[in-house]
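Here's a quick tour of one protein fold, written for someone who likes to turn the model around while reading. Have a look at it first.

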Amino acid sequence: IPSYKKFIDLLKLQGFQTFTLEVLEHNTRAIHLYEKLGFVFQSRYSYPVRDFSFSHSVVMKLILDKACH
C-alpha cells in the first residue's frame, strides 16, 4: 500500500482533484484495496464478450481535493 499512497500524493502535488479507475467486478481483492485507499463506488458497466455473455466492471473514484466536492 505505501507505493499506492505515494502515487496518490504525487497526483495531489500535480494538482489533480479526482482520480477514477475501472476494475473488473469479480476482482474483489482489488476493490477492497481501493476502498482502503479511499476510493468509492461510482458506477457499474456491462460489456458484451465473445460468448454472448457479459463482463461487468466497477468504476471507482477518489476525491483528492476535498474543497472541490
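What follows covers confidence, then the sheet, then the helices.

## How far to trust it

Keep in mind that this is a predicted model. The mean pLDDT of the protein is 91, with 94% of its residues at 70 or more. Among the elements, α2 comes out with the highest mean pLDDT, 96, and α1 with the lowest, 90. As a general caution, predicted coordinates should not be read in detail where pLDDT is low.

## The sheet

The three strands make an open, antiparallel sheet, ordered β1-β3-β2. That leaves β1 (18–24) and β2 (40–48) as the edge strands, each pairing on one side only. On average, neighbouring strands are turned by 25° against each other, direction ignored.

On one side, β1 pairs with β3 (residues 54–63) through seven antiparallel bridges. If you want landmarks in the register, Glu-22 sits opposite Val-59 of β3, and Val-23 has Val-58 as its bridge partner in that strand. On the other side, β2 and β3 also run antiparallel, joined by eight bridges. Here Phe-41 faces Met-60 of β3. The hairpin of β2 and β3 has five residues between the strands, and in it Phe-52 takes a positive phi near 65°.

## Helix α2 and its two faces

Now for the helix that lies over the sheet. Helix α2 (residues 28–36) lies across β1 and β3, and runs at about 160° to β1. Which of its residues are buried? They are Ala-30, Ile-31, Leu-33 and Tyr-34. These cover an arc of only 160° around the axis, so they end up on the same side of α2. The spacing fits a general rule: an α-helix has 3.6 residues a turn, so residues three or four places apart point the same way.

What do the buried residues of α2 pack against? Their partners are α1 (2–13), β1 and β3. Turned away from that buried side, the other face of α2 carries the exposed residues Arg-29 and Lys-36. Just past the end of α2, Gly-38 has a positive phi of about 105°.

## Helix α1

Helix α1 passes a simple geometry check: at 1.5 Å a residue, its twelve residues should span 16 Å, and its end C-alpha atoms are indeed 16 Å apart. After α1 comes Gly-15, another glycine with a positive phi, this one near 95°.

Definitions and conventions:
Residues are numbered from 1 along each chain as its sequence is written. This is a predicted model: local features need pLDDT of at least 70, side-chain atom pairs count only at pLDDT 80 or more; totals for chains, interfaces and linings use all residues. Side-chain values use heavy atoms; hydrogens and water are left out. Two strands pair if DSSP finds at least two bridges between them. Helices (H or I, at least four residues) and strands (E, at least two) are DSSP runs, numbered from the N terminus. Axes are lines fitted to C-alpha atoms, for helices over the stretch in contact, and angles run from 0 to 180 degrees between N-to-C directions. Contact means heavy atoms within 4.5 Å. Buried means under 20% relative accessible area, exposed over 50%, partly exposed in between (1.4 Å probe, protein chains only). The arc is that of the directions from the helix axis to the C-beta atoms. The expected span of a helix is 1.5 Å times one less than its number of residues. pLDDT is the predictor's confidence in each residue, from 0 to 100.
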